[in-house]
Amino acid sequence: MRKRKLGLFGMVIGLVLAVASTVGLTASAGTAKPAKSAGPAVKLAGFKIYFIPKTTTIPVFTQNGIGAKEAATKLGDTVTYNGPTDVSGAKQVPFIDSAASQGYDAIVISTPDPAAVAPALKRATDKGVKVVSYDGDTTPDARTIFVAPTTNKGIGAYQVKWVASQMHFKGQFAILSATPTSGNQNTWIKFMKLELKKKAYKNMTLVKIAYGNDNPTDSAKQTQSLLQAYPKLKGIISPTTVGIQAAAQELQQEGKCKSVALTGLGLPNDMRKYVKKGCAKKFGLWNEKDLGYLATYVAHYVVAKKLDGSLGQTFTAGRLGKYKVVASDGNKPVVVLGPPLVFTPKNIDKYHF
Ligand code: RAM
């Protein structure tokens, strides 16, 4: 369904043009009034976008930043990629404020703590900055559109299925999450619990949800505690690239790769060596570069007044093709990148990110 072809709007991107002479996206389009009385001409490119990851220290976000810059080059925009070195919503606030005071057109943000960043995002919005969230959503009132990597319901259910099939639908398992405030992980866990209500899982028990704070040391410690507290543990779901990697390392060190099934969301490059040792047989993720690329296109179109969060609006995101603004899993307005990638020992070497 997605077209590779650029539509009319896509073809004009990259040029700085007065709206009235192009596709008529704004209130001033089509009027013959001189610029002075019609207000400043709205540019269609050359926007300044501030891209704020949860932290700059997790490779996922580096990939998002690379995709964002690729999109910006296509669009004639510029992207500043910067954020805290800790996974902390409070530490994202100075970056949000600085984007607003430096006259950026848009902020694209993934947050580990929606409540902590909402007031700063609203301050930025009051100064005319457009806000798009992606990956880790903000509160809905603090952004125009959320760009989701995949459907929450789907990814929640998949992770339960992946662990269940490996532990033969029987026994104790745990979840190793990121920060307790993280919107994306919490939503995925909510959908995991929904999936677990199905009869097929009646012999499986979720014994604990642990939080490794998207920090390798904390995540390793939490894995150790789980293994000690639950000696009969048969599985771990870690819906965070930091958690799953730390858990794989722990399981390998403890010689438990055969007895404890590990799944969740991981980067192929982080996980390759553990997959080869049989410490992760099936897990998923999405193309992180594409996620950053898509979020940047959305931000661009919001600034250009092509998208305002109305459901049903469509647009072309460069090489990714056509997308629609929708309601997804009770959240809106959302743009969903697409189905997840699933990694196994058979295909892991096809992926290099
Ligand atoms: C970590 C972060 C990120 C999440 C991935 C799966 O890198 O928590 O937000 O999307 O895991």
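A residue is counted as near the ligand if its C-beta atom, placed from the backbone, lies within 6 Å of it. All views show a predicted model.

**View 1. Residues around the ligand.** The ligand is surrounded by 13 residues, of which V60, A178, T240, T241 and L265 come nearest. Sorted by class, this shell comprises five nonpolar, five polar and three charged residues.

**View 2. The ligand and the two domains.** Domain 1 spans residues 48–149 + 288–338, and domain 2 spans residues 152–285. Because both domains contribute residues to the shell, the ligand lies between them.

**View 3. The largest nonpolar core.** This core holds 53 residues, and the members that touch the most others are A106, I107, V108, V132 and V298. Helix α11, formed by residues 288–303, gives the most to the core, supplying 10 residues. In soluble globular proteins, nonpolar side chains tend to be buried together.

**View 4. Surroundings of V298.** Leaving aside residues up to four places away in sequence, V298 touches V132, I145, V147, L307 and V335. V132, like V298, is among the members of the largest nonpolar core that touch the most others.

**View 5. The second nonpolar core.** Separate from the largest core is a second core of 46 residues. Its members include V160, W188, A210 and A246.

**View 6. The chain as the setting for the close-ups.** The chain contains 11 helices and 15 strands. Of its 353 residues, 49% are buried. Among contacts between residues at least 6 apart in sequence, 71% join residues at least 24 apart.

How values were computed: Residues are numbered from 1 along each chain as its sequence is written. This is a predicted model: local features need pLDDT of at least 70, side-chain atom pairs count only at pLDDT 80 or more; totals for chains, interfaces and linings use all residues. A nonpolar core is a set of buried Ala, Val, Leu, Ile, Met, Phe, Trp, Tyr and Cys residues joined through C-beta atoms within 7 Å. A residue is buried if 20 or more other C-beta atoms lie within 10 Å of its own, exposed if 12 or fewer, and partly exposed in between; C-beta atoms are placed from the backbone. Helices (H or I, at least four residues) and strands (E, at least two) are DSSP runs, numbered from the N terminus. Two residues are in contact if their C-beta atoms, placed from the backbone, lie within 7 Å. Ala, Val, Leu, Ile, Met, Phe, Trp, Tyr, Cys and Pro count as nonpolar, Asp, Glu, Lys and Arg as charged, and the others, Gly among them, as polar. Domain bounds come from an automatic or database domain assignment.
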